[in-house]
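Trainee: Hi! Could you walk me through this model? I'm still new to reading structures.
Mentor: Happy to, let's have a look together.

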Amino acid sequence: MAPKTPPWQDPDAIPLVRIDGVTRHFGDVYAVDDVSLDIYPGELFSLLGPSGCGKSTLLRLLAGFERPDAGRLFIDGVDVTDIPPYARPVNMMFQSYALFPHMSVEQNIAFGLKQDRMARAAIRDRVGEMLTLLKIEQLARRKPDQLSGGQRQRVALARSLAKHPKLLLLDEPLGALDRKLREHTQFELVNLQEQIGTTFVMVTHDQEEAMTMSSRMAVMEAGRIQQIGTPTSVYEYPANRYCAEFIGAANLIEARVIEHADGMVTLKPADWDGELVMAQETPLVAGTQVTVALRPEKVRIGTPPDGAGGRVRGRIEDIAYLGDISIYHVRVPDGPRIQVTQTNLVPRAEQPLTWGDEIDLWWTHRGGVVLLS
Ligand code: ATP
């Protein structure tokens with residue numbers, strides 16, 4: 001069976017969320033600056049960026065806790081710009097979880113349903129459904145202070161899903177968990193989301209978390225979206241230097257275009273003699289200054305084969321041994337330091353490379369991406 005076209009590539013797909021030219025400023029600070037974005041039903045969409053880039057403000061705009069200064073917001077085809085938070089088909093899970101300390105787990109989950117005046121039997125069924133979904137049946141009668149961090153996180157999730165919102169907004173949902181639990185919970189949350197099909201929009205500053213969990217993500221900087229894409233496309237084809245450096249590590253090599261022909265561009269690197277030949281669909285004019293973003297794992301150590309896309313010789317300045325991989329910092333004479341990662345296939349003691357060694361590095365035509373900005 002042919003793989004299903006993802007909705008963001010389907011011109012007929014109807015988005016669940018449409019953010020259309022939205023701006024929100026606080027005095028001189030443009031927290032969200034003319035942002036447009038479509039999110040489709042069933043997505044787990046991440047807003048990713050450093051502290052202060054505006055991701056929480058964008059989430060709060062969707063929830064209705066902030067009003068835009070310009071632009072419109074649509075959810076499920078309805079213009080919700082002027083609709084208050086409680087009347088939107090949306091729920092928000094806060095980083096603090098905001099559980100009511102004096103209520104039991106089941107009372108916490110039932111709270112929103114009671115406010116909506118749902119019938120008592122229906123509430124009981126819904127709470128039971130949520131306890132089962134989150135596998136917390138045995139915690140139903142406990143109070144929040146009798147729960148671990150991970151259990152509190154599940155209760156908060158159960159409470160925010162209880163009303164079956166069309167859209168769940170999550171502000172750093174795993175921020176309060178320690179690293180091991182966080183990694184485990186990332187997979188659980190994705191499985192849960194797939195099971196129930198609710199659309200999730202999640203704020204995170206953790207790129208690994210966004211990479212692991214998202215269908216797509218938006219990389220933000222200073223109130224603006226720099227790139228929207230799947231984790232793979234953002235990692236493999238960053239739109240610019242900012243995205244290349246924010247998502248994963250990247251060597252940025254300055255170069256000038258010599259010629260472009262047959263889907264290949266020939267470049268002169270600024271800092272060493274020789275040429276780079278990189279795959280490049282869009283034509284580039286000779287003389288254009290570009291940056292090649294080269295991921296450390298795409299750089300190989302050893303004698304370059306004929307037809308390598310790029311090659312350079314350098315001296316090992318540093319080796320960081322991380323157990324599964326080692327990171328080599330290789331200094332090109334009078335040039336940049338190039339980071340190379342290698343999987344440690346043999347024990348460290350048996351590895352031939354050490355500090356001060358002169359080594360050859362190379363990469364393929366598709367090992368790097370040519371960036372114009
Ligand atoms: P973090 O990861 O630190 O939570 P963020 O990306 O979520 O950051 P926002 O909280 O959206 O960023 O803030 C974006 C910018 O808007 C920041 O410069 C912040 O100081 C400013 N800002 C946000 N809310 C207000 C407010 N109520 N009044 C004034 N400035 C605000």
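Mentor: Let's start with a pair of strands: E4 and strand E5 (residues 78-79) run antiparallel and are joined by two bridges. Keep in mind that this is a predicted model.
Trainee: Okay! Which residue in E5 is the bridge partner of Phe-74?
Mentor: That's Asp-79.
Trainee: And how many residues sit between the strands in the hairpin of E4 and E5?
Mentor: Two residues lie between them, and Asp-76 in this hairpin has a positive phi near 55°.
Trainee: What about E1, how does that pair with E4?
Mentor: Strand E1 (residues 17-26) and strand E4 (residues 70-75) are antiparallel, with five bridges between them. For example, Ile-19 has Leu-73 in E4 as its bridge partner, and Val-17 is opposite Ile-75 in E4.
Trainee: So what's the strand order in the sheet?
Mentor: The order is E2-E1-E4-E5, four strands in an open sheet with antiparallel pairing.
Trainee: Which strands stand at the edges?
Mentor: Strand E2 (29-39) and E5 do; each has a single partner strand, so one side of each has no neighbour in the sheet.
Trainee: Where do side chains point in a strand, generally?
Mentor: In a regular strand they alternate between the two faces of the sheet.
Trainee: Which helix packs on this sheet?
Mentor: Helix H1 (residues 55-63) does, touching E1, E2 and E4, and its direction makes about 120° with that of E1.
Trainee: Switching topic: at what angle do H2 and H3 cross?
Mentor: Roughly 130°, and the axes of helix H2 (residues 105-115) and helix H3 (residues 120-133) come within 10 Å.
Trainee: Is that oblique or roughly perpendicular?
Mentor: Oblique: roughly 130° lies outside the 65 to 115 degrees counted as roughly perpendicular and is not over 145, where roughly antiparallel begins. H2 and H3 are therefore oblique to each other. The crossing is right-handed.
Trainee: Which residues meet there?
Mentor: From H2, they are Val-105, Glu-106, Ile-109, Ala-110, Leu-113 and Lys-114, and from H3, Ile-123, Arg-126, Val-127, Met-130 and Leu-131. In the contact of H2 with H3, eight residues are nonpolar, three are charged and none is polar.
Trainee: Last one! How is the whole chain divided?
Mentor: Into domain 1 (11-245) and domain 2 (251-371). Their C-alpha centres are 39 Å apart, and the contact takes ten residues from domain 1 and nine from domain 2.
Trainee: Great, thanks!

Technical notes. Residues are numbered from 1 along each chain as its sequence is written. This is a predicted model: local features need pLDDT of at least 70, side-chain atom pairs count only at pLDDT 80 or more; totals for chains, interfaces and linings use all residues. Side-chain values use heavy atoms; hydrogens and water are left out. Axes are lines fitted to C-alpha atoms, for helices over the stretch in contact, and angles run from 0 to 180 degrees between N-to-C directions. Angles under 35 degrees count as roughly parallel, over 145 as roughly antiparallel, 65 to 115 as roughly perpendicular and the rest as oblique. A crossing is left-handed if the near helix is turned anticlockwise from the far one by less than a right angle, and right-handed if clockwise. Contact means heavy atoms within 4.5 Å. Ala, Val, Leu, Ile, Met, Phe, Trp, Tyr, Cys and Pro count as nonpolar, Asp, Glu, Lys and Arg as charged, and the others, Gly among them, as polar. Two strands pair if DSSP finds at least two bridges between them. Domain bounds come from an automatic or database domain assignment.
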